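Please go through the sequence and the structure shown below. The report that follows takes up charged pairs, the sheet and the core in turn.

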Amino acid sequence: MSDPARLRDSTEILLPADAIEGLRGELERRFTLTIRREDRRVRIIGSPVEIKSASDFLARNGISVA
């Protein structure tokens with residue numbers, strides 16, 4: 001059986017709310033994602049493939065998702 005925490009790690013990115021400021025539109029254009037603001041955080045949800053690609057995109061733009 002899959003570990004829920006591991007599955008969640010491969011399907012979402014959790015960042016401070018202002019981390020994707022200026023990049024949200026580009027993320028939504030390039031990738032199939034759901035982006036939800038939650039208080040002081042932003043949750044980016046997608047398939048493992050989309051999350052991996054979005055993570056790479058964010059890293060290229062100086063945002064650490066580790």
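## A first residue

Is Arg-29 buried or exposed? The model is a predicted one, and in it Arg-29 has a relative accessible area of 64%. Arg-29 counts as exposed because this value is over the 50% cut-off.

Arg-29 takes part in a salt bridge with Glu-26, in which the closest N and O atoms are 3.1 Å apart. Both residues belong to helix H2, which covers residues 24-30. Three residues separate Arg-29 from Glu-26 along the sequence, about one turn of the helix. Glu-26 is partly exposed, at a relative accessible area of 25%.

## Overall make-up

The protein chain has 66 residues, and 35% of them are buried. Its secondary structure consists of three helices and three strands. Read from the N terminus, the elements follow the order α-β-α-β-β-α.

Of the contacts in the protein chain with a separation of 6 or more, 58% are between residues 24 or more positions apart. The accessible surface amounts to about 4,700 Å². Carbon and sulfur atoms account for 47% of that surface.

## Salt bridges

How many salt bridges does the structure hold? The count is eight. Side chains of opposite charge can pair when their charged atoms come close.

A further pair in a helix is Lys-52 with Asp-56, where the closest N and O atoms are 3.1 Å apart. Lys-52 and Asp-56 are four residues apart in helix H3, so about one helical turn separates them. Lys-52 is exposed, at 52% relative accessibility, whereas Asp-56 is partly exposed, at 30%. Elsewhere, salt bridges with shared partners link Glu-12, Arg-36, Glu-38, Arg-41 and Arg-43 into one network.

Within that network, the side chains of Arg-43 and Glu-38 form a salt bridge with an N to O distance of 3.0 Å. Are these two partners buried or exposed? Arg-43 has 15% relative accessibility and counts as buried. Glu-38 has a relative accessible area of 16% and is buried too. Both values are under 20%, which is why the two charged residues fall in the buried class.

## The sheet and its helix

Strands of a sheet pair through backbone hydrogen bonds, either parallel or antiparallel. Here three strands make an open sheet in the order E1-E3-E2, with antiparallel pairing. E1 and strand E2 (34-38) are the edge strands, each pairing on one side only. From one strand to the next, the twist averages 20 degrees.

E1 and E3 run antiparallel and are joined by five bridges. Pro-16 stands opposite Arg-41 in E3. Helix H3 packs on the sheet and touches E1 and E3. The direction of H3 makes about 30 degrees with that of E1.

## The nonpolar core

What is the number of residues in the largest nonpolar core? This core has 15 residues. Those with the most contacts inside it are Leu-15, Ile-20, Leu-27, Leu-33, Ile-35, Ile-44 and Leu-58. Strand E1 (12-16), strand E3 (41-45) and helix H3 (48-60) are the elements that each give two or more residues to the core. H3 supplies the largest share, four residues.

Which residues does Leu-58 touch, leaving out those up to four places away in sequence? They are Ile-13, Leu-15, Ile-20, Leu-23, Leu-27, Ile-44, Ile-63 and Val-65.

## The segment after H3

Ile-63 lies in the segment that follows H3. Ile-63 has 12% relative accessibility, and it counts as buried because that value is under 20%.

Apart from neighbours within four places in sequence, Ile-63 is in contact with Leu-15, Ala-19, Ile-20, Leu-23 and Leu-58. Ile-63 and Ala-19 are 44 residues apart along the chain, and their C-alpha atoms are separated by 7.0 Å. Among the other partners of Ile-63 are Leu-15, Ile-20 and Leu-58, which are also listed among the residues with the most contacts inside the core.

Definitions and conventions. Residues numbered from 1 in each chain as written. Predicted model: local features only at pLDDT ≥ 70, side-chain atom pairs only at ≥ 80, totals over all residues. Heavy atoms only, no water. Core = buried A, V, L, I, M, F, W, Y, C linked by side-chain atoms within 4.5 Å. Buried < 20%, exposed > 50% of the residue type's maximum accessible area, 1.4 Å probe, protein only. Contact = heavy atoms within 4.5 Å. Salt bridge = Lys/Arg side-chain N within 4 Å of Asp/Glu carboxyl O. Pairing = 2+ DSSP bridges. Axes fitted to C-alpha atoms, helices over the stretch in contact; angles between N-to-C directions. Areas by Shrake-Rupley, 256 points an atom, 1.4 Å probe, with all protein chains shown as cover.
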